[in-house]
Every structure is written in structure tokens, then in C-alpha cells.
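Colleague: I should like to learn how a structure of this kind is read. May we go through it together, one feature at a time?

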Amino acid sequence: MYIIIVGGGKIGYHLAKALLDEGHEILVTEKDADISETICNELGSVCVRGDGCEAATLDEIGAGRADMLIAVTGDDEDNLVACQVAKHKFNVPRTIARISNPKNEAIFKKLGIDVTVSSTNVILESIEEEVPTHPLTHLLTIRDKGLEIVEVKILPESTTVGKSVKELSLPPESVLSLIIGKGQKPRIPTADTILQAEDRIIAVTNPESEEALRTALRGT
Amino acid sequence: MKVVIMGCGRVGAQLATLLDAEGHLVTVLDTDTYSFRRLPSIFSGTALLGDGTDEESLKKAGIEEADAFFAITQGDNRNVMAAQIAKHIFNVPKVICRIYDPLRRELYNTLGIEAFSPTTIFAQMLKEKLED
């Protein structure tokens with residue numbers, strides 16, 4: 001695949017390296033002359049100095065035959081424009097934008113960007129996972145369906161300990177998929193499964209029912 | 001009319017002053033309060049610190065009730081993003097955007113954004129001066 005990466009910062013550099021290793025044809029556009037030169041010195045001639053938001057730059061590097069454009073500069077608006085120019089002027093089939101402000105996720109989607117990756121959200125989610133007392137952790141978002149996969153940990157003081165799944169008042173949009181008990185094999189919960197302290201429950205839910213799910217699983 | 005102007009540079013401040021003098025309800029947004037020095041003391045509109053590419057700031061500026069939105073910061077991409085948010089998310093009836101880069105202006109015009117390129121307009125004007 002021919003993939004264009006806009007922005008040669010840390011993310012752009014490591015992304016280029018990883019994709020080159022996978023055997024893809026890569027070209028990075030970077031505005032800064034020094035950074036551009038460093039990338040060429042380290043990865044070979046895969047970086048062009050120029051503004052990836054400009055149609056002229058994209059034209060020069062043959063964006064018309066690109067399979068994908070990934071915009072990973074530090075500025076959301078630049079990533080938006082690079083993707084839109086690629087999509088509408090050069091008909092690049094797939095565009096991916098990095099976003100810093102999580103609120104822009106919905107906006108970019110509405111403005112026609114195929115995929116957005118919110119670096120801020122990714123970091124937040126990873127940190128959440130490591131905070132043991134956090135009541136509910138986001139593991140994965142199924143974007144096109146508006147669903148989330150979350151993990152809820154049952155604490156020894158949870159009022160639901162000893163109750164069976166059918167006794168819980170789960171929100172209708174939520175499905176319990178897996179229970180990982182302490183020192184036990186993961187198992188698929190049934191209506192009669194009894195919740196125990198330290199159980200980790202993996203569930204699918206929509207964002208609106210998140211709070212209700214948490215309350216149903218941990219009690220008040 | 002309720003008008004929101006993003007960017008209080010020379011053009012933004014001038015436009016805000018003109019519209020304010022005509023009795024329109026003007027809100028000017030800028031990410032730097034120092035820019036507001038360009039507004040005259042008689043300016044009766046609102047000068048608001050905020051980023052026009054941020055939904056919250058736009059809401060604070062009253063974008064939901066605005067009749068018109070102007071995106072005239074120094075950054076083409078910021079203008080383009082703010083203009084699209086105003087048009088497609090908040091459905092502002094009149095959205096106008098400045099794009100210095102003529103190629104980018106052309107593209108966004110075809111995407112339905114009313115955009116002007118001072119570069120093209122000024123170059124054309126200078127050329128006409130020569131031909132006078």
C-alpha cells in the first residue's frame with residue numbers, strides 16, 4: 001500500500017518506521033527542514049519537506065495514487081484539512097486523523113473523516129486501567145455501533161457480592177460478556193452465576209447506560 | 001443581526017467596529033486578549049477570550065443564535081475548521097471564511113464553504129492598478 005503520513009513528529013516518525021517494516025510504501029510530509037532531514041537520514045528518502053495541507057505538496061508526492069493518508073501533526077485543524085484535501089481533491093480512499101481534543105472526535109466524523117484517533121483518550125484510558133480503585137474502565141470503543149467494552153471490578157464491600165446475575169437490574173443496553181474471577185479461568189456469565197469479590201466483569205454497553213451498569217454491578 | 005467574529009486582528013477588529021457601529025450584536029473571539037486592544041473604546045459588543053475551533057468557546061460566544069459567522073484568524077486551517085463547525089454543527093445561516101492559500105480556497109468553495117482568498121483578490125487588484 002502507498003501511505004502518506006502528514007507530520008514528522010514522534011508519532012509520524014515511529015508510524016513511518018513501523019509501516020516501512022511491514023513493507024508499505026511510505027512518504028512523510030514535514031514542514032520543518034531539520035526534522036525532515038533527520039527522518040531521511042534515519043529511514044532513507046521517505047520524507048518530503050512541505051505542508052501536507054497544501055494541495056501542491058500532495059500533488060507533488062502523487063497523492064492521487066495513495067491508498068491512505070494519515071495526519072498526525074499536533075494540531076487538530078491541520079489534520080482535518082490534510083484529510084479533507086486528500087479526500088476531496090485526490091480521492092484518497094481512506095483518511096485517518098489524529099486528534100488532541102477528544103471533543104473533536106464527533107465533529108471530525110460529521111465532517112467526513114473516516115477514522116479519528118484521539119491520543120488524549122487513548123492515554124486517559126490506559127491510565128484509568130492502571131488505577132485500581134477506578135470503578136469502570138473503558139477497554140475499547142466500537143465506533144460505528146456506538147458501543148463500548150468496559151471492565152467493572154467487584155469490590156469486597158460491593159452490595160452485589162453473593163448475588164446472581166439474574167438478581168441484578170442491568171440496563172437493557174448492556175450485556176455481560178465475561179467474568180474473570182481471582183485465580184479462576186475466565187467464564188461466560190449465565191443468569192445463575194454468582195458475583196464474588198474481586199471479580200472483573202467485561203461488559204458491552206452504550207455510553208449512556210455506563211453509570212447504570214456500574215451501579216447495577218457494584219451496588220450503591 | 002447577531003454576528004460572531006473569530007480572530008481580532010486588523011481585519012477582525014475593523015469588521016467588528018463597522019458592524020457594531022451599525023447596531024449589530026457583535027461578539028469577537030480571540031485566543032489572545034492583547035488582540036482586543038485593536039477594538040475602539042466606543043465598541044459596545046463583546047470581546048471574548050476563546051478558541052473558535054472549540055465547540056464550547058463557540059457556544060459561549062453565542063454561536064447557537066448567531067445569524068452570521070466570520071472566520072478570519074491568521075491560520076487557514078483554523079478558519080476552515082471553525083467555519084465548518086459553524087456551518088455543519090451549529091447551522092449558522094451565513095458563514096464566511098478567509099483562506100490565504102488560493103488552492104485551498106478553491107477546494108473549500110466546492111465543498112460549500114463561502115471562502116475568500118485575500119491573496120488572489122489583492123494580486124488581481126494590483127494588476128488592475130497597473131492596467132489603469
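Modeller: Let us begin with a definition: two strands count as paired if DSSP finds at least two bridges between them. Please keep in mind that this is a predicted model.

Colleague: How many bridges join strand S8 of chain A to strand S10 of chain A?

Modeller: In general, strands of a sheet pair through backbone hydrogen bonds, either parallel or antiparallel. Here six bridges join S8 (residues 147-153) of chain A to S10 (residues 200-205) of chain A, and the two strands run antiparallel. Within this pair, A:Val152 stands opposite A:Ile201 of S10(A).

Colleague: In what order do the strands of the open sheet in chain A lie?

Modeller: The order is S7-S8-S10-S9, four strands with antiparallel pairing. At the edges are S7 (136-142) and S9 (175-180) of chain A, each of which pairs on one side only. On average, neighbouring strands of this sheet are turned by 20 degrees against each other, direction ignored.

Colleague: Which domains does the assignment give for chain A?

Modeller: The assignment gives domain 1 (2-122) and domain 2 (131-218). Taken over C-alpha atoms, the centres of these two domains of chain A are separated by 38 Å.

Colleague: How many residues does each chain bring to the contact?

Modeller: Chain B brings 17 residues and chain A brings 17 residues. On the side of chain B that touches chain A, the elements giving two or more residues are helix H3 (76-89) and helix H4 (102-110) of chain B. H3(B) gives the most to that side, with eight residues. The residues of this side of chain B comprise seven nonpolar, five polar and five charged.

Key:
Residues are numbered from 1 along each chain as its sequence is written. Chains are lettered from A and ligands numbered from 1 in the order in which they are written. This is a predicted model: local features need pLDDT of at least 70, side-chain atom pairs count only at pLDDT 80 or more; totals for chains, interfaces and linings use all residues. Two residues are in contact if their C-beta atoms, placed from the backbone, lie within 7 Å. Ala, Val, Leu, Ile, Met, Phe, Trp, Tyr, Cys and Pro count as nonpolar, Asp, Glu, Lys and Arg as charged, and the others, Gly among them, as polar. Axes are lines fitted to C-alpha atoms, for helices over the stretch in contact, and angles run from 0 to 180 degrees between N-to-C directions. Domain bounds come from an automatic or database domain assignment.
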